[in-house]
There are 2 protein chains.
Amino acid sequence: MAGRELTSLRSPRVKAARRLAKRAFRRRERRFLAEGPQAVREALAIPGGLVELFTTAEAETRHPELIAAADQAGVPVLRVSGEVMAELAQTVTPQGLLAVCGFLDVPLGDALAASPKLVTVLAHVRDPGNAGTVLRTADAAGADSVVFTDASVDPYNGKCVRASAGSLFHLPVVMGPRFEGLAADLKSAGLTVLAADGAGDRTLDEAIDGGLLARPTAWVFGNEAWGLPEETLRHADEVIRVPIYGRAESLNLATAAAVCLYASARAQRA
Amino acid sequence: MAGRELTSLRSPRVKAARRLAKRAFRRRERRFLAEGPQAVREALAIPGGLVELFTTAEAETRHPELIAAADQAGVPVLRVSGEVMAELAQTVTPQGLLAVCGFLDVPLGDALAASPKLVTVLAHVRDPGNAGTVLRTADAAGADSVVFTDASVDPYNGKCVRASAGSLFHLPVVMGPRFEGLAADLKSAGLTVLAADGAGDRTLDEAIDGGLLARPTAWVFGNEAWGLPEETLRHADEVIRVPIYGRAESLNLATAAAVCLYASARAQRA
């Protein structure tokens, strides 16, 4: 059970958790923050996933089963005042539960050893909300893993964690490889590397009709504003564009990824 | 050309434009605000689209062709100080161009008279960013029109306008019908009404394989958090769910819409 309520932002445990809002501290501690009951449930389901749990008295009344499960797992539960929670949480309306979680990412070799059929690569994705939404979509589409290259946002960024809606905890995430080496590793693992870009030579429909999407595939998605750099495109097996039938100039990154990943899911299950 | 620079927020023209941040004033004046060079270009392309243009001296230097085009079209151009622009614009980094635009929505009858093959209906969509992203996706997928029911967000909301990335200007938008009557009107126009909902009886793949998506279709998308109400589902011809292959609980509204609309675009073009 939680002991007495911590009311000071200067409490060492609170200070240590607050620092995890910054990437450099997350990397050093290999820990990140995730808010809300769903995140606590997901973290509890992974051995070593939940490291520490901050709660408010009110949230303890609302979610006694989660507090009990954390206790049972030997996870320290720290009750804090509403003000301290508001400072710790990165949302406007904190839900009274803040999980300190251990990093979840796996080495690329582990992710590729499982003979994946559908891998999602975020290359140069800078917006954490977009990255989290793509992660959620990749999970929904049945992707085997998601790779964040060194030029992409940190998957443990608070906005990315929130936008992933729990999916960060669901499938293997790989962090930090450079794209050049990664493309070679993906190909060695038997994956066809498809870069999604508005400047692609073939449309997604042509790729479907040609049977290309039925193969084990790694989809590469680029930057929100300027797509993928020439250098990245050169390392892909094919550059595919989602067709634009109307007058829109482009698709939002996360929606383009959804169309591509679901096209693969369908083609691979046909 | 723009006359002397307006530096006061109390200038009547500035006050009138500022009020358009509120829905009630937009409705009364049948005008809305759109920021940036792309919006100005789009509004200029529509007769009566651009009503008034606020600029900064800096933006005039950067976009002389837009100022000239507005002048030529007889649109009043008002130069304002950076501070006034910052107050008028709803973004953190205003681009120095703010268009006062005339409402663009058309009556439902007009939209249906054109024998549409693909209509997008936003029923109960409350998040303006999501609504704008769906509008952009509908445009990209070649939808003939987008209908915002009375229970949805205002399409002229600043966040919706921005997220639509110009698409608000591209295809007919219908505003305000109640869903019950709307469903009947859509069916009368020969459209099959498909509601997208996680609780659907048939998957999207079954709908594709069964030939359902090749028909003229109106897709209905619901609320971000709780989907579509029972009452709305009852008025649809079919309730379709996007399959979840992994462990995600659901898809983000805009990504689910992208998958459905692109599936229709492909089926109708096969």
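Visitor: Is Arg178(A) buried or exposed?
Guide: This is a predicted model. In it, Arg178(A) has a relative accessible area of 55%. The cut-off for the top class is over 50%. Arg178(A) is therefore exposed.

Visitor: Which residue forms a salt bridge with Arg178(A)?
Guide: The closest N and O atoms of the pair are 3.8 Å apart. The limit for a salt bridge is 4 Å. The partner counts as partly exposed, at 25% relative accessibility. The partner of Arg178(A) is Glu180(A).

Visitor: Which residues of helix H10(A) are buried?
Guide: Helix H10 of chain A runs over residues 179-188. Buried means under 20% relative accessible area. In H10(A), the buried residues are Phe179(A), Leu182(A), Ala183(A) and Leu186(A).

Visitor: Why do these residues lie on the same side of H10(A), and what arc do they cover?
Guide: An α-helix has 3.6 residues a turn, so residues three or four places apart point the same way. The buried residues of H10(A) are on the same side because they cover an arc of only 100 degrees around the axis.

Visitor: Which helices are included in what covers the buried residues of H10(A)?
Guide: The cover includes strands S5 (118-122), S6 (145-148), S8 (192-196) and S10 (217-221) of chain A. Helices take part as well. Those included are H7 (108-113) and H12 (230-235) of chain A.

Visitor: What phi does Gly190(A) take?
Guide: Gly190(A) comes just after H10(A). Its phi is positive, at about 85 degrees.

Visitor: Where is Asp201(A), and which residues does Asp201(A) touch?
Guide: Asp201(A) sits in the loop between S8 and strand S9 (202-203) of chain A. Asp201(A) is exposed, at 59% relative accessibility. Its C-alpha atom is 25 Å from that of Val146(A), 55 residues apart along the chain. Not counting residues up to four places away in sequence, Asp201(A) touches Glu206(A), Val239(A) and Arg241(A).

Visitor: Is Ser81(A) buried or exposed, and with which residues is Ser81(A) in contact?
Guide: Ser81(A) is in the loop between strand S3 (77-79) and helix H6 (82-88) of chain A. Its relative accessible area is 7%, so Ser81(A) is buried. Leaving aside neighbours within four places in sequence, its contacts are Glu5(A), Leu6(A), Thr7(A) and Thr56(A).

Visitor: What area is buried between chain B and chain A?
Guide: The size of an interface is often given as the accessible area lost when the parts come together. Here 34 residues come from chain B and 34 residues from chain A. Carbon and sulfur atoms give 56% of the buried area. The total is about 2,700 Å².

Visitor: Which three residues supply more than any other three to the area that chain B buries against chain A?
Guide: Their share of the area that chain B buries is 23%. The three are Tyr245(B), Arg247(B) and Arg266(B).

Visitor: How many salt bridges does the rule find across the interface of chain B and chain A?
Guide: One of them is Arg266(B) with Asp205(A), the closest N and O atoms being 2.9 Å apart. Polar contacts between the two chains number 22 residue pairs. For salt bridges across this interface, the count is four.

Visitor: Which helix gives the most to the side of chain B that touches chain A?
Guide: Elements that give two or more residues are helices H3 (36-44), H8 (128-140), H11 (204-209) and H13 (253-269) of chain B. One of these gives eight residues, the most to that side. That helix is H13(B).

Visitor: How many residues on the side of chain B that touches chain A are nonpolar?
Guide: Ten residues of that side are polar. Nine are charged. The nonpolar residues number 15.

Visitor: Which residue forms a salt bridge with Arg266(A)?
Guide: Arg266(A) lies in helix H13 of chain A and its partner in helix H11 of chain B, so the pair joins two chains. Arg266(A) is partly exposed, at 29%, whereas the partner is buried, at 15%. The closest N and O atoms are 2.9 Å apart. The partner is Asp205(B).

Visitor: Which residues do salt bridges that share partners join into one network?
Guide: The structure holds 28 salt bridges over all chains. Shared partners link some residues into one network. These are Arg23(A), Arg26(A) and Asp154(A).

Definitions and conventions. Residues numbered from 1 in each chain as written. Chains lettered and ligands numbered in written order. Predicted model: local features only at pLDDT ≥ 70, side-chain atom pairs only at ≥ 80, totals over all residues. Heavy atoms only, no water. Buried < 20%, exposed > 50% of the residue type's maximum accessible area, 1.4 Å probe, protein only. Helix = DSSP H or I, 4+ residues; strand = E, 2+ residues; numbered from the N terminus. Arc of directions from axis to C-beta. Contact = heavy atoms within 4.5 Å. Buried area = accessible area lost by both parts, 1.4 Å probe. Salt bridge = Lys/Arg side-chain N within 4 Å of Asp/Glu carboxyl O. Polar contact = N/O pair within 3.5 Å; in protein donor to acceptor, adjacent residues only side chain to side chain. Nonpolar A, V, L, I, M, F, W, Y, C, P; charged D, E, K, R; others polar.
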